[in-house]
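Please go through the following model with me, one question at a time, beginning with how its strands pair.

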Amino acid sequence: MRLDSVVKAIEQFDLLDGLSSSLAKAVGKGVEPRPIRNLLSGTFIGHPLHPMLTDLPIGAWTMAAFLDLAGGRASEPAADALVAVGIATAVPTAAAGLNDWSDTQGKTRRTGVVHGLTNSVAFCFYVSSAIARRSGRRGLGKVLGFAGLGLVTFGGYLGGHLTYADAVNVNKTADRRGPAKWTSVLAEGELPDGTHRKVQVRGVSVLLYRSGTTIRGIDSVCSHMGGPLEEGQIESGCVTCPWHGSMFKLADGSIVRGPATRPQPAYEGQIREGQIQIRRAS
């Protein structure tokens, strides 16, 4: 397909790497505070925020284009209002998108840069369209709006490619299910008090942590981008992913800090007859 060829060319366009690296660092610093990171990531709703927000400007601008084409003079105020709604909602949508994009690397980061630049140019077209409409140059405003919608459509295609072809920001633990019944994974002496270790059980890797006789376990693959939690810092009953800083409670896998939006699958643990056993938490 021709569009696939375009995306492949974007993915290989490494001249974008210098710009994208600097921008990603700046965005990372801006979203570092936990409340901002959790909000823009969608941690509190259990779903990435950016895809949900995109419906607002795209929907508003699409309906504005329809009214511009078929609505007649009576629909002009409604079309103008929809253009304005799209502009207003595009700002938080872009903020959430930048937050998500700052965690990408390589070809996905390059595609994300073009996705963002395309939508940014579309945003400028719509701002210009709103100004033209307000000053009475409705014909120019319509043309600028149609151009903006074309760019938003291509930007949406790139966004869909990132999600559905590259699996960016999808739950990396969705199909990972450990044993439902108690299963021995280690001898008791292989996990001393106050230590952690990754174990393999039934094709799934689990991070175990021992405190006295209490055994905690969660999936070792970070649900956000697949980071190795066994390499992360463990403190105050939580583990922090070494890749992007998502923090999870070892007791139940719940999220303390984003960008993760899905909790880690959790496991119960026990010591029985000199063996450490685990099972999937109910």
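**Strand pairing, core and overall form**

Q: Over how many bridges do strand β7 and β8 pair in the antiparallel sense?
A: This is a predicted model in which local features need pLDDT of at least 70, side-chain atom pairs count only at pLDDT 80 or more, and totals for chains, interfaces and linings use all residues. Residues are numbered from 1 along each chain as its sequence is written, and side-chain values use heavy atoms, with hydrogens and water left out. Strands (E, at least two residues) and helices (H or I, at least four) are DSSP runs numbered from the N terminus, and two strands pair if DSSP finds at least two bridges between them. Strand β7, residues 247–249, runs antiparallel to β8, and the number of bridges between them is two.

Q: Which strands stand at the edges of the sheet that has the order β5-β6-β7-β8?
A: Four strands form this open sheet, with antiparallel pairing. One side of each edge strand is left without a neighbour in the sheet, because each has a single partner strand, and these are β5 (233–235) and β8 (255–257).

Q: At about what angle to β8 does helix α3 run?
A: Axes are lines fitted to C-alpha atoms, for helices over the stretch in contact (heavy atoms within 4.5 Å). Angles run from 0 to 180 degrees between N-to-C directions. Helix α3, residues 34–41, lies across β7 and β8, and its angle to β8 is about 125°.

Q: What is the bridge partner of Gly 269 in β10?
A: An open sheet of six strands has the order β1-β10-β9-β4-β3-β2. Within it, strand β9 (residues 266–272) and β10 run antiparallel and are joined by six bridges. In β10, the partner of Gly 269 is Ile 278.

Q: Which strand supplies the largest share of the largest nonpolar core?
A: A nonpolar core is a set of buried (under 20% relative accessible area, 1.4 Å probe, protein chains only) Ala, Val, Leu, Ile, Met, Phe, Trp, Tyr and Cys residues joined through side-chain atoms within 4.5 Å. The largest one has twelve residues, among them Val 204, Tyr 267 and Ile 278. At least two residues each come from β1, β2, β3 and β10. The largest share, three residues, comes from β3.

Q: Why is the protein described as more spread out than a compact globule?
A: The globule rule is 2.2 Å times the number of residues to the power 0.38, and the radius of gyration is taken over C-alpha atoms. For 282 residues the rule gives 19 Å, so the protein counts as more spread out because its radius of gyration is well over that, at 24 Å.

Notes. Buried < 20%, exposed > 50% of the residue type's maximum accessible area, 1.4 Å probe, protein only.
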